[in-house]
Amino acid sequence: MKNKIIVVGGYGCVGKTICKELGDKFPGVVYAAGRNLERAEQFSRETDGKVKSLQLDIREAVHPDVLEQARLVIMCLDQTDSSFVRSCFQRGTHYIDVSANGRFLDQVEQWSTEAEKNHTTAVLSVGLAPGLSNLLALQAQKLLDQAEGIELSILLSLGGRHGKAAIEWTIDNLNTSFSITENNRQVTVNSFTDGKIVDFGAILGRKKAYRFPFSDQQTLVRTLEVPTVSTRLCFDSTVATAFMSGLRKIGAFRLLQVHRIRNAMIRSFEQLHFGGDQFAVKVDAWGRKGGKDATVECLLQGKDQSNMTAKVAVCVADALYSQVFPHGVYHIEQLFELKSMQDWLQQEASIEIRIDGVQLSYV
């Protein structure tokens, strides 16, 4: 019987929360998987056996028996090759991806026919950004008759918990070029350039955010059919954000190509704990409503971005494990809406929605 839930990277920062919450809902069928069996077993003992351990290296060919009884795989690690995902589809195992690598997610989308053929559903863009950022963008689009552009801004804390995979992804993308869509045309931009002042509300205030290659900006152009989408990043510390921008301007990020310097910066971020633990996601959309120009603002604020990423994954996993969804590969905004998560989300975060500056009730 296919009833197992395998969380790859299940003993990491985000994976632990996913495993614990799903272990409470489905005790005995949740497996914390990864290369380090000792860490997986230690974590299993911490949960009193509600979560089981599994040694799994996705860089190597996976034995068919591993997925034979797996109903769902939740991926908390970054990947560059989609062969493991395809193995899940071939075995009829549903799949959730908690990552922000747009190029890899594009690879997974290419296997949608394989997923359909094997009655499998994959949900991508699950987490905070991408994830809740996509759902906020969907909410903004639905409030307009016609959305002409969407700008997403992500504020991350430096004082909270940070998963190693998230830190590595951030460091590796500080000095990169990527494509965005402006007026239905592909434009190449550089990370941590083109700063823009964003209003994150009364508590967090106004911050300068810079372009960053979150995958939501590539995805939403297609799934929401919006001609202009972009995403920017800043930190809760204005000084830290300005410091990063300064390093980008003088070309210091090129040194991250040196393996030793890259690893040293990753270690520094792992040990960095100053500032608060608040995060925010802001969506500014513009277009037409009732025959007139209109703007929509959606602001979500909370604490502990790693915990929020895990909470979104748990919500999607619970639904995918227990319900029937269309087969194929989808992004979160194609199967879920913000209101489908409101029961738990209102306890974890505050949400403000405005049309032309007038605040609406959260629906």
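I began with a helix pair: Ala129, Pro130, Ser133, Asn134 and Ala137 of H7 touch Asp216, Thr219 and Leu220 of H10. I sorted that contact of H7 with H10 by class and got four nonpolar residues, three polar and one charged. The model I am reading is a predicted one.

Next I took the geometry of this pair. I had in mind that two packed helices are described by the angle between their axes and the distance between the axes. H7 covers residues 128–142 and H10 covers residues 216–223. They pack at about 35°, and their axes lie 10 Å apart. I noted the crossing of H7 and H10 as right-handed.

I stayed with H7 for one backbone check. Which bond joins alanine 129 and proline 130? I found a cis peptide bond there, with omega at about 5°. Proline 130 sits in H7, and both Ala129 and Pro130 belong to the H7 side of the contact with H10.

Then I turned to the sheet. I traced seven strands in an open sheet, ordered E3-E2-E1-E4-E5-E6-E15, with parallel pairing. Which strands stand at the edges? They are E3 (51–55) and E15 (328–331). Each has a single partner strand, so one side of each lacks a neighbour in the sheet. I logged the twist as well: neighbouring strands of this sheet are turned by 20° against each other on average, direction ignored.

I looked at the E15 edge in detail. Strand E6 (residues 121–124) runs parallel to E15, and four bridges join the two. Within this pairing I located threonine 121 opposite glycine 328 of E15. Helix H5 (residues 102–109) packs on the sheet here. H5 touches E5 (94–97), E6 and E15, and its direction makes about 150° with that of E15.

At the other edge I checked the loop that lies between helix H2 (37–46) and E3. Aspartate 48 is in this loop. I read its phi as near 55°, which is a positive value in a residue other than glycine.

I went on to the second largest pocket. Its volume is about 220 Å³. How many residues does H13 give to the lining of the second largest pocket? H13 gives five, the most to that lining. Helix H1 (13–25), helix H13 (305–322) and helix H15 (342–348) each supply at least two residues. I listed the lining as Glu21, Lys25, Lys311, Val314, Cys315, Asp318, Ala319, Gln323, Trp344, Gln347 and Glu348. By class, I entered four nonpolar, two polar and five charged residues for this lining.

My last entry is lysine 303, in strand E14 (residues 292–303). Leaving out residues up to four places away in sequence, I found lysine 303 touching Asp277, Gln278 and Phe279. I also took one long-range distance. Lysine 303 and serine 125 are 178 residues apart along the chain, and their C-alpha atoms are separated by 20 Å.

Terms used: Residues numbered from 1 in each chain as written. Predicted model: local features only at pLDDT ≥ 70, side-chain atom pairs only at ≥ 80, totals over all residues. Heavy atoms only, no water. Axes fitted to C-alpha atoms, helices over the stretch in contact; angles between N-to-C directions. Left-handed = near helix turned anticlockwise from the far one by under 90°. Contact = heavy atoms within 4.5 Å. Nonpolar A, V, L, I, M, F, W, Y, C, P; charged D, E, K, R; others polar. Pairing = 2+ DSSP bridges. 1 Å grid on protein atoms, 1.4 Å probe; cavity = no way out; pocket = protein on both sides within 12 Å on 5 of 7 lines; lining within 4 Å. Points joined across faces, edges and corners; volume = space filled by probe spheres on them.
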